[in-house]
Each structure stands twice: as C-alpha cells, then as structure tokens.
Amino acid sequence: MYEPKRLHPVSAVINFVKGLKDSALPIIALIFLNGNIFSGGVEWMPLLITVGFLLIVLGGGVIRWLRFTYRVEQGELRIEHGLILRKKRYIPFHRIQSLDFSEGIFHRPFNLVKVSIETAGSSDLQKAEAELTAIKREDADELETIISREKNKRTIEEEGIEEDRVVSSREKVYEMKMKDIVVMAVTSGGAGVVLSGVGVFASQLTEVLPLDTIYSEFLAWLRIGVLVVAFAAFVILLIAYGISILLTIFRYANFSVFLDADDLVITRGWLEKKQMTIPLNRIQGLRIDENLIRQPLGYASVTLVSAGGAMQQGAEHQLRLLPLIKKKEIENVLHQMISDYELDVEWNRPPTRSKRRYILRHSWFAWVAVIPLSIFLFPYGLLAILAALAFTGIGFLAYKDAGWNLSDQQLTLKSRFINKQTFVMKRKRIQSAAVTQTILQKRVDLESIRVTLKSGVGGAVARCLYLDQQDTRQMMDWYRPNDTVEKRSDL
C-alpha cells in the first residue's frame, strides 16, 4: 500500500463499458448510417468509423488503467492519473470523511470493490473526491484500516484522548428482516400503479359482460377487443410492478447498520453490494417519512440529513438509515445509534382557523379543473369530482398531521403534501430559518415557518404551514440567539 499500485485490470473493462454508455448516441447514429446490414446493403465507411470509434474507446479505457496509480504516503492518499497530462491528487487522511464500497457485476466474480472517497469541503459536490474503480477487497480493507489508524493517532495527539477510547469496534445495531424488505417493496409507489391498472381492467370487464342481448355482433367484438387491450395493459403493469419489487429486494437485501467508533456504516445489496460510511459529526438531522399506504399499517422510514457526500447517484445515495420499520420501534432502534434525538414529543398543532387553508391549498387546482373536464368530457369528465374530493381529503389529513415541538436544543416539525414528513433538528445544526406571511394570513395572525439544514449541494427543508403567529415567534426567539432570522412577506 506504500508503493504505487495499479487498479485491477477489470478497471479497463469498466472504463470501456462506461465509455460505450457515454457514447451511445453517436454509435447508434453510425449504425443507422450503415444501411441495412441484414439485407447486405452495408456502407463500409460508417462501419470502419464505428469499429475505429470502438477501438478508441477500448484503448482509452486500457490507457486510463495503465496510467492510474495510488499509494499511501506521509499521511496522505496519493493518486496519479491522466492520459496526456499527468495529474496528481493528494488527499490528507484527516480530510477523508468516509470510504464507500460497492460491488457491481464486474466486481463480484473477482472479489473486487469500487472505493469512493468522500472528503470534507469537496471541490465538486456532484461526485466523490476520488474513486478507485476496482481494487481487491483485501486492499480496500487495508486502506480503510490505515486511514482509520492514522486519524485515530491524530485525534490522540491533538485532543489528548486516551487510545482505548478511539479503538474501532464495529457493532451491528440494526438488521432489516426479509419480511420488512418485502413489505417495503410491496408498499412502494408501484402499488398505486397496479391498483389503477386493476381499476381500468375492472371497468372494461364490466362493459363487455353480456348484460344486454340487443347489441350487434360488431359491437360485441369491439368490446372484446377493448377487453384484450385492457387485459394486456394490466399484465404489463403487473409485470412492471413485480420487477420493481424484485429490484427493491435485491437492492436492500442483507441491509445492516453498524456502529464503528464515531461512524455509522450501512451495508446492503445482493447483486450489487454497497457499503456507506456516515460520520456521526456530519449528521444534521433526521427525516421520518410515511406514505399513504404505510402510515395506516404503522410503518415509516428514517433518512439521515447529512452534510457532504457525493450526489451523482441520486436516490441511490440517499442515506436511508431505516428504510422500513414499525414507527413504535424507531426510538428504541435510533437510541442505539444516535442517542441525543428525542422522538416521543408532545405536539402543538395549527389553530382551527387554518383548517380551510390547508384544504384549499391541496385541492383548489383540482376543483378548478373539474369545470372544463366536466363540460368537454361529459359524462366521463364528472369523474374528476372524485379526484377533487380525494385532494380535499389529503388537505384535511395535512391539517391533522401538521405540528411542531420545541425543547431546549431540538426543533421538531411535521407536515404533509402527499407523504407525511417529520424533521427532527438540533439548533446548532440549523443553517437558516424564515417565516412567511401573506396579506390574507396577516389578517388572521397566521404565519408559516421554513427551516433549512445543510445537505449535499443544497439543503433539506422542513416546513410547517399556517401556525399561530405567537408560535412562530416563539420558534424564532428560540433560534435567534445563535443565528440570524429571516422574515419576508409574500405578496
């Protein structure tokens, strides 16, 4: 590890596949320019260009692999790479926040991992500070051990902490059961798609039932044709839903959370294994999510709001600490990982005069759409009334679910748009706070609060709408001693 090392040769293959992915459009264009291959009408020039382009992509992947080296030296991870210009990147160990491991289909057969190095104050929040595309698992573990040992030594020297207190001892604090993974997959957004498909199929089936023998043969066959189309659509939706369930199970299989000194380590995945490390001191807050299906069943998910971390993986990189768990079990499980967050709080609710504002906020656009839909699509357009009533019900739920709690060092806000969200935040972690008040709200002394936590390239925003003005002033006074409070009027 202290001598320059190359990545595994599989890295060249991964670079080639990545190059093909990035160059998919020009390759497809060249193939279409090549005429009809199957009929023998082949244009040699586009074919030669395509082959040459593929050779360039393959050669670039091999050269990148040959030119990439890494080593550990003088408390730094030193990486050198570059096709034409030799680039050197030195990353001090004390800046490294975490090493995230992942194993794709090219890694598993050779016991390899991809290592993503996350640092504090990264220059590009859209991607990791550095990546080792494919190295042996033993080398990755050794690199993690060396970095951890050097960081512990620095902590001992700078803070005078006893060595026994910084020794790493990884302890499993949570493991997701397969039953919960299946429930999570079934109650995901795909369930709504299937239910809508069932509704379409049922409506078409009703129409083709032989309720009246006076229909002509042509109309009967027409209805059977519609039934076939509806049945095919239902089967496609069902297959897509089944695939989404399987992908979720593969993604979250073997989900475990470990407490390793001052870090939380999350491991998951079956076909592609992933390991994410979250330093406890980077955690800005918690977010608890409950959708319309899981909430009645008593299930919720818990996501960490963390400062830093690459965002290029999108939803895949969300720091879901507890993807699905019984809500009554959240506090006991969290206290094994993060003991200073209080979840069992007494809620303060919006005043009664804000109820109609919640309902109007969620349903006004649906009721406005009812008029033209009912006129131009009569009589089927009248079904829009049912959708408007559904949005009205969601507005009422938003009023019932909204609330806030304030303690000495913690602010808790809950709200709903479609899904219910609860944010748990410490005062020292809040990045900014603001209150908003429209002219109409001012007449009845109502205000809304908006609190932002640092998270990746932007911020995680917690809101609670239409609160009594005295309540928002209380929260602002609680926050004001340490930070500047922003107040604006939305006209």
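**Exercise 1. Lys-172 and its partner**

Task: In this predicted model, determine whether Lys-172 is buried, partly exposed or exposed, and establish which residue its side chain meets in a salt bridge.

Solution.
Step 1. The relative accessible area of Lys-172 is 41%. Buried requires a value under 20% and exposed a value over 50%, so Lys-172 is classed as partly exposed.
Step 2. The side chain of Lys-172 meets that of Glu-175 in a salt bridge, with an N to O distance of 3.6 Å. This lies within the 4 Å cut-off.
Step 3. Glu-175, with a relative accessible area of 48%, is likewise partly exposed.

**Exercise 2. A salt bridge between a strand and a helix**

Task: Identify the residue with which Glu-103 forms a salt bridge, locate both residues in the secondary structure, and classify the accessibility of Glu-103 and of its partner.

Solution.
Step 1. The partner is Arg-137; the closest N and O atoms are 3.2 Å apart.
Step 2. Glu-103 belongs to strand β7 (residues 96-103), whereas Arg-137 belongs to helix α4 (residues 137-159). With their positions 34 residues apart, the pair links distant parts of the chain.
Step 3. Glu-103 has a relative accessible area of 11% and is therefore buried. Arg-137, at 23%, is partly exposed.

**Exercise 3. A salt bridge between a loop and a strand**

Task: Describe the salt bridge of Arg-353 and Asp-468 and state where each residue is found.

Solution.
Step 1. The two side chains meet at 2.8 Å, N to O.
Step 2. Arg-353 is placed in the loop between α9 (330-335) and α10 (355-376), and Asp-468 in strand β22 (residues 458-468). The two are 115 residues apart, and the pair links distant parts of the chain.
Step 3. Arg-353 is partly exposed at 34% relative accessibility, while Asp-468 is buried at 19%.

**Exercise 4. Salt bridges in the whole structure**

Task: State how many salt bridges the structure holds and which residues are linked in a network of them.

Solution.
Step 1. The structure holds 18 salt bridges.
Step 2. A network of salt bridges links Arg-71, Glu-73, Glu-76, Arg-78, Glu-80 and Arg-86.

**Exercise 5. Polar contacts of Gln-437**

Task: Locate Gln-437, classify its accessibility, and describe its contacts with Leu-446 and Gln-469.

Solution.
Step 1. Gln-437 lies in strand β20 (residues 430-437).
Step 2. Its relative accessibility is 8%, so Gln-437 is buried.
Step 3. A polar atom of the Gln-437 side chain lies 3.2 Å from the backbone oxygen of Leu-446.
Step 4. The side chains of Gln-437 and Gln-469 are joined by a polar contact of 3.2 Å.

Notes
Residues are numbered from 1 along each chain as its sequence is written. This is a predicted model: local features need pLDDT of at least 70, side-chain atom pairs count only at pLDDT 80 or more; totals for chains, interfaces and linings use all residues. Side-chain values use heavy atoms; hydrogens and water are left out. Helices (H or I, at least four residues) and strands (E, at least two) are DSSP runs, numbered from the N terminus. Buried means under 20% relative accessible area, exposed over 50%, partly exposed in between (1.4 Å probe, protein chains only). A polar contact is a pair of N or O atoms within 3.5 Å; within protein, one must be able to donate a hydrogen and the other to accept it, and residues adjacent in sequence count only if both atoms are side-chain atoms.
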